[in-house]
Amino acid sequence: MTSLTQRWQESPLRFEQNALLGYVLLGAWLLLMVGMPWLQFFFGEAIIPTGVTLAAIFQACAVFYFVQRAWGLASAALTFVLVAVITWGAEAIGHTTGLPFGHYYYTEALQPQIVGVPLLIPVAWFMLLPSAWVMAQLIVGERDTLVKWAAFVGVSAVALTVWDLFLDPQMVAWGFWVWENPSGYFGIPWINYGGWLLVATIVTIAVRPKPLPVMPFALIYATVWFLQMVGQGIIWQQIGPALVGTLAMGGVMVLAWWRNRERTAL
């Protein structure tokens, strides 16, 4: 009979050893996110863009650290470049043409910017994409056929896009960008979510991500879900987006847990 210790050592949910730097970076990100309401209370609304920028940088650095531990520095760097170039390009096209996200523009809140797109935006795409890949990895399993690879790409795109059910209403409320024709989902045009699905699909196909360790990427996904749920639902009082985002991201996590449990039980 397999011992509990052996089962834990073989579990994809175990934490990596000797990864202190990554968890320190995640801790700094978490402290900033938890402290955001206090920063706003003491320093006013003007501190929010700085806090958001620093938190995103800490999270992205932690994600990069864990990706390079799994894939090597060169592959991690290439992945970041691909994500940054594709998503910045999509945003640059998007805010000038209205495709694929709809008609919107960035305010001056997030700096610096190139062609009207804050440099933080590609960082924000990168900081949750590997976690979305891990959710898809848990749900789909081995990508040993074309059908499973296509399923992995699609589930990855959904796992990332549901985050924006939280994110977009909050960022608009903070004045980071403005929709020219607010409508649809709490003032966010529905086409925006089609754009997210499309761009996430293109990035995943371009990167062709190899398997990643479940931890800490599942932890990052779950932490984002929890912080957004509590922050928007209780602190920022955006109850509608908080409820929908909670169910959508939570549903992805429950499905990932169930599929992984079902697979490992065989």
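Begin by colouring the protein chain by secondary structure: this predicted model shows 10 helices and four strands. Follow the chain from the N terminus, where the elements run α-α-α-α-β-β-β-α-α-α-β-α-α-α. Four helices thus come before three strands, then three helices, one strand and three closing helices.

Next, display the whole chain and consider its overall dimensions. Along the principal axes, the C-alpha atoms fill a box of roughly 60 × 45 × 35 Å. The radius of gyration is 18 Å, in agreement with the value near 18 Å for a compact globule of 266 residues.

Now switch on the molecular surface. The accessible surface of the protein chain amounts to about 13,000 Å², and carbon and sulfur atoms account for 71% of that area. Beneath the surface, 49% of the 266 residues count as buried. Contacts may be examined in turn: of those between residues at least 6 apart in sequence, 76% join residues at least 24 apart.

Select the charged residues next. The protein chain has 10 positive and 11 negative charges, and the mean positions of these two groups lie 17 Å apart.

Finally, select helix α6, which spans residues 146-161, and move to Thr-161 within this helix. Is Thr-161 buried or exposed? Thr-161 is buried, because its relative accessible area is 7%, below the cut-off of 20%. Which residues does Thr-161 touch, not counting those up to four places away in sequence? To see them, add Tyr-193, Trp-196 and Leu-197 to the selection; these are the residues in contact with Thr-161.

Definitions and conventions: Residues numbered from 1 in each chain as written. Predicted model: local features only at pLDDT ≥ 70, side-chain atom pairs only at ≥ 80, totals over all residues. Heavy atoms only, no water. Helix = DSSP H or I, 4+ residues; strand = E, 2+ residues; numbered from the N terminus. Buried < 20%, exposed > 50% of the residue type's maximum accessible area, 1.4 Å probe, protein only. Contact = heavy atoms within 4.5 Å. Rg over C-alpha atoms; globule rule 2.2 N^0.38 Å. Areas by Shrake-Rupley, 256 points an atom, 1.4 Å probe, with all protein chains shown as cover. Lys, Arg positive; Asp, Glu negative; His and termini not counted. Charge placed at Lys NZ, Arg CZ, Asp CG, Glu CD.
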